[in-house]
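Reader: I am new to this structure and should like to be guided through it. May we proceed by question and answer?

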Amino acid sequence: MFGLGFQEILVIALIILLLFGGKKIPELMKGLGKGVKSFKDGMNEVTDLKEDKKEEKKDE
């Protein structure tokens, strides 16, 4: 995963835990999940628009 080993990921996770505390991490992950979901939805809309344009060109 991005050239990171288990030890590097563990160190990063510990630093995040120290910075934000245990109670804030679920809120942060929830926000991150919502952001990723909205990004995927936006990308799906873009591909749908492209497909619609292709179909319109075929009909003409």
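**Helices, surface and charge pairs**

Author: We may begin with one residue, in what is a predicted model. Met-43 has its place in helix H2, which covers residues 25-59.

Reader: Is Met-43 buried or exposed, or does it fall in between?

Author: Buried requires a relative accessible area under 20%, and exposed requires over 50%. Met-43 has a relative accessibility of 42%, so it belongs to the class in between, partly exposed.

Reader: How far is Met-43 from Lys-54 in space?

Author: Met-43 and Lys-54 are eleven residues apart along the chain. Between their C-alpha atoms the separation is 17 Å.

Reader: How many helices and how many strands does the protein have?

Author: The protein has zero strands. Its helices, one of which is H2 with residues 25-59, number two.

Reader: Does the span of helix H1 agree or disagree with what its 15 residues should give, and what is that span?

Author: Helix H1 takes in residues 6-20, and at 1.5 Å a residue its 15 residues should span 21 Å. The expected span uses one less than the number of residues. The two values agree, because the end C-alpha atoms of H1 are also 21 Å apart.

Reader: Which residue follows H1, and what is its phi?

Author: H1 is followed by Gly-21. The phi of Gly-21 is positive, near 85 degrees.

Reader: What is the radius of gyration of the protein, set against that of a compact globule?

Author: For a compact globule of 60 residues, a value near 10 Å would apply. The C-alpha atoms of the protein fill a box of roughly 60 × 25 × 10 Å along the principal axes. The radius of gyration of the protein is 20 Å.

Reader: What percentage of the residues count as buried?

Author: To count as buried, a residue needs a relative accessible area under 20%. The accessible surface of the protein comes to about 6000 Å², with 66% of it belonging to carbon and sulfur atoms. Of the 60 residues, the share that counts as buried is 0%.

Reader: How far apart are the mean positions of the positive and negative charges?

Author: The protein has 11 positive and 11 negative charges. Their mean positions are separated by 9 Å.

Reader: How many salt bridges does a search of the whole structure find?

Author: Side chains of opposite charge can pair when their charged atoms come close. One salt bridge joins the side chains of Lys-24 and Glu-27, at 3.9 Å from N to O, and in another Lys-37 meets Asp-41. The search of the whole structure finds two.

Reader: Which residue of the pair Lys-24 and Glu-27 is exposed?

Author: The exposed class begins over 50%. Lys-24 has 45% relative accessibility and therefore counts as partly exposed. With a relative accessible area of 53%, the exposed residue is Glu-27.

Reader: What is the distance between the closest N and O atoms of Lys-37 and Asp-41?

Author: An α-helix has 3.6 residues a turn, so residues three or four places apart point the same way. Lys-37 and Asp-41 both lie in helix H2, four residues apart, about one turn of the helix. Lys-37 is exposed at 52%, while Asp-41 is partly exposed at 35%. Their closest N and O atoms are separated by 3.3 Å.

Reader: How far apart in space are Glu-8 and Thr-47?

Author: Glu-8 is found in helix H1. Glu-8 and Thr-47 are 39 residues apart in sequence. From C-alpha to C-alpha, the distance between them is 36 Å.

Definitions and conventions: Residues numbered from 1 in each chain as written. Predicted model: local features only at pLDDT ≥ 70, side-chain atom pairs only at ≥ 80, totals over all residues. Heavy atoms only, no water. Rg over C-alpha atoms; globule rule 2.2 N^0.38 Å. Buried < 20%, exposed > 50% of the residue type's maximum accessible area, 1.4 Å probe, protein only. Areas by Shrake-Rupley, 256 points an atom, 1.4 Å probe, with all protein chains shown as cover. Lys, Arg positive; Asp, Glu negative; His and termini not counted. Charge placed at Lys NZ, Arg CZ, Asp CG, Glu CD. Salt bridge = Lys/Arg side-chain N within 4 Å of Asp/Glu carboxyl O.
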